[in-house]
Amino acid sequence: MSDKAKDEAVAIPAQSDGTTLTKDPAPGEVLLKVTGLQKHFPIKKGLLQRQVGAVHAVDGLDFEVRAGETLGVVGESGCGKSTMGRLITRLLEPTGGKVEFEGKDITHLGVGGMRPLRRDVQMIFQDPYSSLNPRHTIGTIIGAPFKLQGVEPEGGIKKEVQRLLSVVGLNPEHYNRYPHEFSGGQRQRIGIARALALNPKLVVADEPVSALDVSIQAQVVNLLDDLQQELGLTYVIIAHDLSVVRHVSDRIAVMYLGKIVELADRDLLYKTPMHPYTKALMSAVPIPDPARKSAKSERILLKGDVPSPISPPSGCRFHTRCWKATEICKTTEPPLLELRPGQQVACHHPENFEDQAPQDTVLLSDAKEAAELVSDEALAESAATSAAVAAEMGVSGAGDTETAESAEPETATEPAESETASESTKADAGSESAESETASESTKAEAGSESAEAEAGSESAESETASESTKAEAGSESAEAEAGSESAEPETASESTKAEAASESAEADAASESTEPEAAEAESTEAEAAESEPPAKEK
Amino acid sequence: MTELSKSGAAVGEPTAASPAPSAFLEVRDLKVHFPTDDGLVKSVDGLTFQLEKGKTLGIVGESGSGKSVTSLGIMGLHTAGQYGKRKAQISGEIWLDGTELLSADPDHVRKLRGRQMAMIFQDPLSALHPYYTIGQQIVEAYRIHHDVDKKTAKRRAVEMLDRVGIPQPDKRVDNYPHEFSGGMRQRAMIAMSLVNNPELLIADEPTTALDVTVQAQILDLIRDLQKEFGSAVIIITHDLGVVAELADDLLVMYGGRCVERGPAEKVFYEPRHPYTWGLLGSMPRLDRDQQERLIPVKGSPPSLINVPSGCAFNPRCPYADVPKDNVTRTVRPELAEVGSKHWAACHMSQEQRERIWTEEIAPKL
């Protein structure tokens, strides 16, 4: 193929073609609903092919896809994301659960039953080399859906195929060429054209760009973007590249070992990931900025590999690699709960949020090992951010009942005192706050912020034992209050200004109760942090 | 390329008789051409660079830009094409620690291979032999260069597996490659390549087949091991994130030639070649706020049989029509110094590129 032709072939599709294709899917309406979706692949052994086990590829998924949105699905290899894609397009039959498309149950429809739906649900495959039949011309490949569905497009199949080719930025004259005459990026465009042929409502794209070069990847990502805008498509995009997923998705589901661990709006997920796995996954993405070479410490390394889906770990499936795992993680599976509007998480000890199981503070031995791989900075940060968010919750609750001012200084210093009393009883402090929290979850005014502070205290105690013990020797409440606020402050900058209010009151208290030089020090750090906060919050 | 040699390291014209360079590894005007039925494939067409010990060079480029061919060329693995009638045509010079490899005796190079220079391949499953245990393969690599008995060598293998973070190395050493997961295979590959403490390590897309979490582990491992052994590392990848993590110097390849070379910071923050701009614009970034659209490089990579005359990037270059002074389009731009230790090959004047970068490209990234 000449260079000239190539250049033409990759031009951005003409806008004019889009209009005729557009249908009206009411945006925001639930297009696809999945409940408790399961797929177990049996493992058979021996002469009789008896089933000896099963690969739990997908093990209970619940999610919805709304018309017009893009749902991104990320996870490591083997987490079941591709199986999920094939289940919702019904290329595989689910073992359990339910798939509803436009309100119609399609879970167990047969080949014939699915056929009319195939117009509406299409798939783009990962490998553009193996997903196109090498013995068919492009015209035959893209025209096949029309023949199979018995659809006669206006002006004939050939004309329609050529129109589709120009929609995806290929030269319509290439109608009679074979797949081997195209480059990887162009083949992926052919795959996209085929998926669009019948004007589907839902397109499931399984790793649509991972086989392509960076520069070509960007072309295809932009193409998918344009097509969505022009044709009002709904996408489920499965990928392992987190930066690509962030770029294309409105909402993102993070999968781990056959389950969704976090499902959230894009910005929430990337700014304040709640599940430790999400956090680790994101910190592992190499950032193309050499200045961050030294920032290796920010990275959370996960130990070992993903456990086998044949016998997934009990309780939370991530507990074998999580640095926050406690006994409850081993025994009880955390449900996928909407902890914040637009952010569903399945975790007992989420990041950036108040602990769901604060009474459980003893780390598993696995978790201790895992924590060794996590830098102190990351640990301190996670402690501080969750404390800050919890404080925010507490403060906002207090604000509602208009007792904020009076409640604040007390609650802020009280737990700190208990810390000073005996450092070894931090577990006590934890359970105490847990009790009060569960007791008055709805009113939350004091209890919320109290538990938050206790948390901050105990967690910073872990990461900064050295500094705290010296402070404890000093034996002054103010020193304690300072320890708490100091560790929380610098890290929370981007999190909230509410935390600032809380620690400010703590600081005020400290200053009034003691004239030690440390208090002054605390003040200065506070002032600095306070200064840096507003711009950070802007975004 | 001659211009580079003049302006770059203090070496004269690259002729066969030129003296040994001061750098640990120096590649001068390397050309690797493959004759095919359709014509001569110029996979690498005049590549020059230096690498010091303890430093990391990142080579980035699209598939087919000649990255891997370069690394195989340095390792002296191209002559292996003896099965067919045709051989790769290699010219230029590769100096490794004072020895010129291309003109050296193949037996001598074989002694260096594995001992002084080692390679980590992209796909560990196809690079490891499925029929032998991991241990046997590492032992073989060790015993070729060291006159020790099998027991000692096996102890060394266990030690290396432990060093690269494989749990229970004494048991795992007797496993076959298929019993390892992808990340562990790559670790085993690294253990094998490091078993002889090579001074030059070439990692060809070492993490492309791996998940991000495992990739992070492997990158950290390579970095730590480099610190420990003080080797020179060449890391070949298409992922700018990976090179930003590891590389001190960066070499951007396009169509078999180097289009930009310099310290990593320079290439990332003040790139002076439109292709580098394209690469930077093509990738969505997690560390920045969401861009509305990516800025892709239009078109696809050139055929290496018919490399466009003049600048190879010309057909895809968005600035190909920018008026240039006294330049004929059909002349190939040579690498010219654009900053300290920073070279780029572009017909646009320095000022033009500086303006385009700061005004048009950088704000959109």
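# Close-up views of a predicted two-chain model

Buried residues account for 54% of the 365 residues in chain B. Everything in these legends refers to a predicted model.

**View 1. Chain B as a whole.** Welcome to the overview panel, where chain B shows 13 helices and 12 strands. Its radius of gyration is 21 Å, close to the 21 Å that the globule rule gives for 365 residues, so chain B is as compact as a globular protein of that length. The C-alpha trace spans about 70 × 50 × 40 Å along its principal axes. If you like contact maps, take the contacts in chain B between residues at least 6 apart in sequence: 65% of these join residues at least 24 apart. On the outside, chain B exposes about 15,500 Å², and carbon and sulfur atoms supply 50% of that area.

**View 2. Strand β6 of chain B, covered on both faces.** Here we zoom in on β6(B), which covers residues 117-120. In a regular strand the side chains alternate between the two faces of the sheet. On one side of β6(B) sit B:Met117 and B:Met119, on the other B:Ala118 and B:Ile120, and all of these are buried. What is the sense of pairing between β6(B) and β7(B)? The two strands run parallel, with 4 bridges between them. Look for B:Ile120, which stands opposite B:Ala203 in β7(B).

**View 3. The eight-stranded sheet of chain A.** We now move to chain A, where 8 strands form an open sheet in the order β6-β7-β8-β3-β9-β10-β12-β11, with mixed pairing. The edges belong to β6 (121-124) and β11 (337-340); each has a single partner strand, so one side of each is left without a neighbour in the sheet. From one strand to the next, the twist averages 25°. Within this sheet, β3 (residues 70-74) and β9 (residues 251-256) run parallel and are joined by 4 bridges. A handy landmark is A:Val74, with A:Val254 of β9(A) opposite.

**View 4. The four-stranded sheet of chain A.** Another open sheet has the order β2-β1-β4-β5, and its pairing is antiparallel. At its edges are β2 (50-66) and β5 (104-105), each of which pairs on one side only. Strand β1 (residues 30-45) and β2(A) are linked by 13 bridges in the antiparallel sense. To find your place along this pair, start from A:Lys33, whose bridge partner in β2(A) is A:Glu64.

**View 5. Helix α3 of chain A and the strands it crosses.** This panel ties the two previous ones together. Helix α3 (residues 81-88) lies across β3, β6, β7 (202-206), β8 (234-238) and β9 of chain A, at about 150° to β8(A). The helix also lies across β1, β2 and β4 (96-101), at about 115° to β1(A). Is α3(A) largely enclosed or largely open? With 6 of its 8 residues buried, α3(A) is largely enclosed by the rest of the structure. Those buried residues are A:Lys81, A:Thr83, A:Met84, A:Gly85, A:Leu87 and A:Ile88. Just after the helix, A:Arg90 takes a positive phi of about 60°.

**View 6. A:Phe63 and its neighbours.** A:Phe63 is part of strand β2 of chain A. Its relative accessibility is 5%, and therefore A:Phe63 counts as buried. Setting aside residues within four places in sequence, A:Phe63 is in contact with A:Leu32, A:Lys33, A:Val34, A:Leu71, A:Met84, A:Ile88, A:Ile260 and A:Leu263. Two of these, A:Met84 and A:Ile88, are among the buried residues of α3(A). For a distance check, A:Phe63 and A:Gly36 are 8.9 Å apart, C-alpha to C-alpha, and 27 residues apart in sequence.

**View 7. The nonpolar cores of chain A.** In soluble globular proteins, nonpolar side chains tend to be buried together. Which residues touch the most other members of the largest nonpolar core? Of its 40 residues, they are A:Ile142, A:Val168, A:Ile192, A:Leu196 and A:Leu227. Elements giving two or more residues to this core are α5 (138-149), α6 (157-167), α7 (184-196), β7, α8 (214-231), β8 and α9 (242-248). The largest share, 8 residues, comes from α8(A). A second, separate core of 37 residues includes A:Val245, A:Ile252, A:Tyr270 and A:Leu281. For a closer look at one residue, try A:Ile192: leaving out residues up to four places away in sequence, A:Ile192 touches A:Ile124, A:Val168, A:Val220, A:Leu223, A:Leu224 and A:Leu227.

Conventions. Residues numbered from 1 in each chain as written. Chains lettered and ligands numbered in written order. Predicted model: local features only at pLDDT ≥ 70, side-chain atom pairs only at ≥ 80, totals over all residues. Heavy atoms only, no water. Pairing = 2+ DSSP bridges. Axes fitted to C-alpha atoms, helices over the stretch in contact; angles between N-to-C directions. Contact = heavy atoms within 4.5 Å. Rg over C-alpha atoms; globule rule 2.2 N^0.38 Å. Buried < 20%, exposed > 50% of the residue type's maximum accessible area, 1.4 Å probe, protein only. Areas by Shrake-Rupley, 256 points an atom, 1.4 Å probe, with all protein chains shown as cover. Core = buried A, V, L, I, M, F, W, Y, C linked by side-chain atoms within 4.5 Å.
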